[in-house]
Amino acid sequence: MNVFTIFGDPVSHSRSPLMHNSVFKSLRIDACYTRTPLKEGSQLRDVFFAKALSGANVTVPHKEAAYAQCDEVRGIARTIQAVNTLVLEDGKLIGYNTDADGFMHAIKSFGAIKTALILGAGGTARALSVALSQGGITPTILNRSSGRLEYFKNGGFKTYCWDDFIPTEYDLIINTTSAGLSDNELPIPQELLGVLLVKAKGAVDVIYGKVTPFLKEVKASALPYKDGSDMLLAQGVLASRLFLHGAYEPDTIEVPMKHSFRLP
Ligand code: NDP
């Protein structure tokens, strides 16, 4: 039996085991997907081989550590320098990033988007800035502090802190900060968010499974919006295709994976 897992700290909340196991079950594939809580990201590679895994997903805060421990990194993950999917190939650890393409798939429903404002400057913001830019959408990054903006400046993106930001018009406002994990925190001051929403065509919060304070404000402004569920599903479908070495079409994987969202 092939064994897959998700590495992270924490991982107890992750829906990935449910999603991937429902695909294995539905397609009668002899495999299982588990959770592996991991405090030290530097141990990821050793644990992967000790458990004789066939593949894995990686979540917060180990995506950069996973990137550093791969034998080979493919596709957009090379630019992002963060890996969320690992596949064993001829005894080698191959790394990919499916968050980026998963996000681009999820925002198709907004129609023609030319500019986006990304709130936050962490690992997810990195993935989205590269994906948006490659998809012909100009991203601007706004973070509460300047420490993490260096990566984006080096990539040639426009960056701002709250202090030096002068709001202008952006088609899509994307919250990638962890502010939404609390029930009363906005990612930027409320007044500033209000100004941005008046001119936007839509908004996304990458957090899934709850209406964050950010999305509550968006809802009140009557703009089209999404939480992170579609991105989660799309990155999962792409990861599953990699785990199964392209043997199944995306639609064949998506149906059971989507069904798992409705399970308790
Ligand atoms: P990081 O820890 O790398 O970055 C967090 C960012 O949020 C930083 O820029 C930080 O700012 C900012 N931030 C944190 N708290 C606040 C706050 N209270 N107010 C304003 N800014 C704040 O996290 P990731 O980028 O890895 O992940 C972010 C979120 O995205 C997570 O909740 C994760 O679950 C979700 N996610 C969802 C996915 C999906 O499939 N739907 C896929 C991947 C991630 P500073 O630099 O100042 O500290």
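Start by selecting Asp99, which sits in helix α5 (residues 98-106); helices here are DSSP runs of H or I with at least four residues, strands are runs of E with at least two, and both are numbered from the N terminus. You're looking at a predicted model, where local features need pLDDT of at least 70, side-chain atom pairs count only at pLDDT 80 or more, and totals for chains, interfaces and linings use all residues. Residue numbers run from 1 along each chain as its sequence is written.

Is Asp99 buried or exposed? Asp99 is buried, because 32 other C-beta atoms lie within 10 Å. The cut-offs: 20 or more other C-beta atoms within 10 Å of a residue's own means buried, 12 or fewer means exposed, and in between is partly exposed, with C-beta atoms placed from the backbone.

Now show what Asp99 touches. Leaving out residues up to four places away in sequence, you should find Asn84, Thr124, Ala127 and Gln235. A contact means two C-beta atoms, placed from the backbone, within 7 Å.

Keep Asn84 and Gln235 on screen and add Ser14, Arg15, Ser16, Thr59 and Tyr208: with Asp99, these are the residues UniProt lists under "binding site" in an unreviewed entry. UniProt positions follow the numbering used here, feature names are shortened, and annotations may be inferred rather than shown by experiment. Zoom in on Arg15, in the loop between β1 (2-8) and α1 (16-26). Arg15 counts as partly exposed because it has 18 other C-beta atoms within 10 Å.

Next, pick helix α10, residues 229-243. Its 15 residues reach 21 Å from first C-alpha to last, close to the 21 Å expected at 1.5 Å a residue; that expected span is 1.5 Å times one less than the number of residues. The helix is mostly covered, with 11 of its 15 residues buried, among them Met231, Gln235 and Phe243. What do the buried residues of α10 pack against? Look for β1, α1, β3 (55-58), β5 (85-89), α5 and α11 (250-260). Just after α10 comes His245, with a positive phi near 50°.

Colour the strands now. Six of them make an open sheet in the order β2-β1-β3-β5-β6-β4, with mixed pairing; two strands pair if DSSP finds at least two bridges between them. At the edges are β2 (31-37) and β4 (72-73), each pairing on one side only. Then add α10 again: the helix packs on the sheet, touching β1, β3, β5 and β6 (92-96), and its direction makes about 10° with that of β5. Axes are lines fitted to C-alpha atoms, for helices over the stretch in contact, and angles run from 0 to 180 degrees between N-to-C directions. Look between β3 and β5, too: these strands run antiparallel, joined by 3 bridges, and Gly55 stands opposite Val87 in β5.

Follow the chain to Tyr248, in the loop between α10 and α11. Tyr248 touches Leu27, Arg241 and Ile253, again leaving out residues up to four places away in sequence.

Finally, colour by domain: domain 1 is 2-96 + 229-260 and domain 2 is 101-226, with bounds from an automatic or database domain assignment. Their C-alpha centres lie 26 Å apart. The contact takes 13 residues from each of domain 1 and domain 2. On the domain 1 side, α3 (63-68), α4 (77-80) and α10 each give two or more residues, and α10 has the largest share, with 7 residues.
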